Amino acid sequence: MRNDPIRAAAITQRLLPPCGAALRLTLQDIGVNFRRAAPLRLYCGISSRELGAANGVLLPEIHFPPVEPGALIKELPLSDPDQRMLLHDVADRLNTVADHLPLPDQIHPGPALSEILDDEVRHLGRLLGFLAGESAFRHRAAARSPARPTTTVRRTTLALANAAEPTGLALAALGAAVHHLGHLANLSHQIPGPARDRAITTERQRLEDRLGDSRIYLARAAKHLRAAADTRTPPAATAVLSPSATTPPSRSR
C-alpha cells in the first residue's frame with residue numbers, strides 16, 4: 001500500500017471528527033508544534049497505523065512521550081504565536097491555489113487546463129474542509145473547557161470561520177469554470193459556423209470570468225486571515241494614581 005497523505009487526511013476528517021486539531025493539521029501538511037503531545041490512540045482510541053490499515057492507506061506510527069490526561073488537556077490549545085502562524089499558513093495555501101490559476105492571457109482550453117482545475121479543486125476542497133472542521137472543533141473545545149478562550153483564540157476562530165465563505169465561493173467559481181471548459185470541449189466537435197463561433201466566444205469569456213472570480217475570492221480570504229493574524233491584543237491599561245492620591249494630606253499645626 002502506498003502512502004497517500006491526501007487520502008489519509010480525507011479518511012481522518014470522515015472517521016475522526018472529534019479528534020484534536022493537531023492530527024488534522026499534520027495529515028494536511030500543516031505544521032504543528034507537538035509540545036507534550038500524545039499518540040493518536042490517546043486522542044481517539046485508535047493508532048494511526050490501525051486507521052490506515054482499515055482504509056488501505058499506510059501511515060507511519062507516531063510515538064510521543066506519555067503524559068497525564070490533565071496535562072494533555074492543558075497543552076491542546078495553541079499558543080498565541082501558533083494561532084497567528086496558523087492563520088498565515090492557511091492564507092499562504094489559499095494564495096498558492098490562486099497563483100496556480102491561469103491568467104486570462106494564459107487560458108488555453110484543453111487537457112492541461114483540465115488538469116490544473118482538477119488539482120486546484122482538490123486542494124481548495126481540502127482547505128474548505130479544514131476550515132469547517134477546525135471551526136467545529138474549536139466550538140466543541142470552547143463549550144467543554146472550563147477556562148474562557150483568550151482574545152487571540154476567539155479572533156483566530158472567527159477568522160477561520162469568516163474565511164470559509166469566500167473559500168466556498170472560490171470553490172464554486174472553479175466548479176463553474178469546469179462546467180464552461182466542458183462546454184468548450186464539446187463545441188470543438190460541433191459543425192463549424194457562426195453559431196458555434198459565438199458560443200465558443202461566450203463560453204470562453206465565462207470561463208475567464210469564473211477563474212477571475214475564484215482568484216478574487218481567494219485573495220479576499222487570505223487578506224482577512226492575515227489581518228486577523230497581524231492584529232495584536234492591546235495590553236491591559238494600568239491606572240496611574242494622581243500625586244494627590246499617593247501623597248498623604250499634610251496636617252496643619
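## A starting point in helix 6

D80 is located in helix 6. In this predicted model, D80 has a relative accessible area of 31% and is therefore partly exposed, since that class lies between the buried limit of 20% and the exposed limit of 50%. Leaving out residues up to four places away in sequence, D80 touches T150 and T152. A further relation joins D80 to a distant part of the chain: D80 and R232 are 152 residues apart along the chain, and their C-alpha atoms are separated by 9.9 Å.

## Overall organisation

The protein chain contains 10 helices and 0 strands. Read from the N terminus, its elements follow the order α-α-α-α-α-α-α-α-α-α.

Of the 253 residues in the protein chain, 35% are buried. The chain exposes about 15200 Å², and carbon and sulfur atoms supply 59% of that area. Among contacts between residues at least 6 apart in sequence, 76% join residues at least 24 apart.

## Helix 6 against helix 7

Two packed helices are described by the angle between their axes and the distance between the axes. For helix 6 (residues 80-100) and helix 7, the angle is about 160° and the axes are 9 Å apart. Helix 6 is therefore roughly antiparallel to helix 7, as the angle is over 145 degrees. Their crossing is left-handed.

Which residues of the two helices meet? On the side of helix 6 they are Q83, L86, V90, R93, L94, V97 and H100. On the side of helix 7 they are I116, E120, H123, L124, L127, F130, L131 and R138. Sorted by class, this contact of helix 6 with helix 7 has 9 nonpolar, 3 polar and 3 charged residues.

## Helix 7 against helix 8

Helix 7 (residues 111-144) also packs with helix 8: their axes come within 9 Å and cross at roughly 155°. Helix 7 and helix 8 are therefore roughly antiparallel to each other. The crossing of this pair is left-handed. By class, the contact of helix 7 with helix 8 has 17 nonpolar, 8 polar and 3 charged residues.

## Three residues of helix 8

T156 belongs to helix 8. Its relative accessibility is 2%, so T156 counts as buried. Not counting residues up to four places away in sequence, T156 touches Q83, L87 and R138. Two of these partners, Q83 and R138, also appear among the residues that meet between helix 6 and helix 7.

T167 is likewise placed in helix 8. With a relative accessible area of 0%, T167 is buried. Apart from its neighbours within four places in sequence, T167 is in contact with L94, L124, L128, L131 and A221. Among these, L94 is on the helix 6 side of the contact between helix 6 and helix 7, while L124 and L131 are on the helix 7 side.

Is N162, another residue of helix 8, buried or partly exposed? N162 counts as partly exposed, because its relative accessibility is 43%. Although N162 and L225 are 63 residues apart in sequence, the distance between them in space is 8.6 Å, C-alpha to C-alpha.

## Helix 8 against helix 9

The axes of helix 8 (residues 151-187) and helix 9 (residues 194-230) come within 8 Å, with a crossing angle of roughly 165°. Helix 8 and helix 9 are therefore roughly antiparallel to each other, and their crossing is left-handed. By class, 22 nonpolar, 4 polar and 8 charged residues make up the contact of helix 8 with helix 9.

## A buried leucine in helix 9

L207 lies in helix 9. Its relative accessibility is 0%, so L207 counts as buried. When neighbours within four places in sequence are left aside, L207 is in contact with I107, L113, A177, H180, L181 and L184. L207 and H179 are 28 residues apart in sequence, and the distance between their C-alpha atoms is 8.4 Å.

## Summary of the helix pairs

The three pairs described above may be set side by side.

| Pair | Angle | Axis distance | Crossing |
|---|---|---|---|
| Helix 6 and helix 7 | about 160° | 9 Å | left-handed |
| Helix 7 and helix 8 | roughly 155° | within 9 Å | left-handed |
| Helix 8 and helix 9 | roughly 165° | within 8 Å | left-handed |

Terms used
Residues are numbered from 1 along each chain as its sequence is written. This is a predicted model: local features need pLDDT of at least 70, side-chain atom pairs count only at pLDDT 80 or more; totals for chains, interfaces and linings use all residues. Side-chain values use heavy atoms; hydrogens and water are left out. Axes are lines fitted to C-alpha atoms, for helices over the stretch in contact, and angles run from 0 to 180 degrees between N-to-C directions. Helices (H or I, at least four residues) and strands (E, at least two) are DSSP runs, numbered from the N terminus. Angles under 35 degrees count as roughly parallel, over 145 as roughly antiparallel, 65 to 115 as roughly perpendicular and the rest as oblique. A crossing is left-handed if the near helix is turned anticlockwise from the far one by less than a right angle, and right-handed if clockwise. Ala, Val, Leu, Ile, Met, Phe, Trp, Tyr, Cys and Pro count as nonpolar, Asp, Glu, Lys and Arg as charged, and the others, Gly among them, as polar. Buried means under 20% relative accessible area, exposed over 50%, partly exposed in between (1.4 Å probe, protein chains only). Contact means heavy atoms within 4.5 Å. Accessible areas come from the Shrake-Rupley method with a 1.4 Å probe; for residues, only the protein chains shown count as cover.
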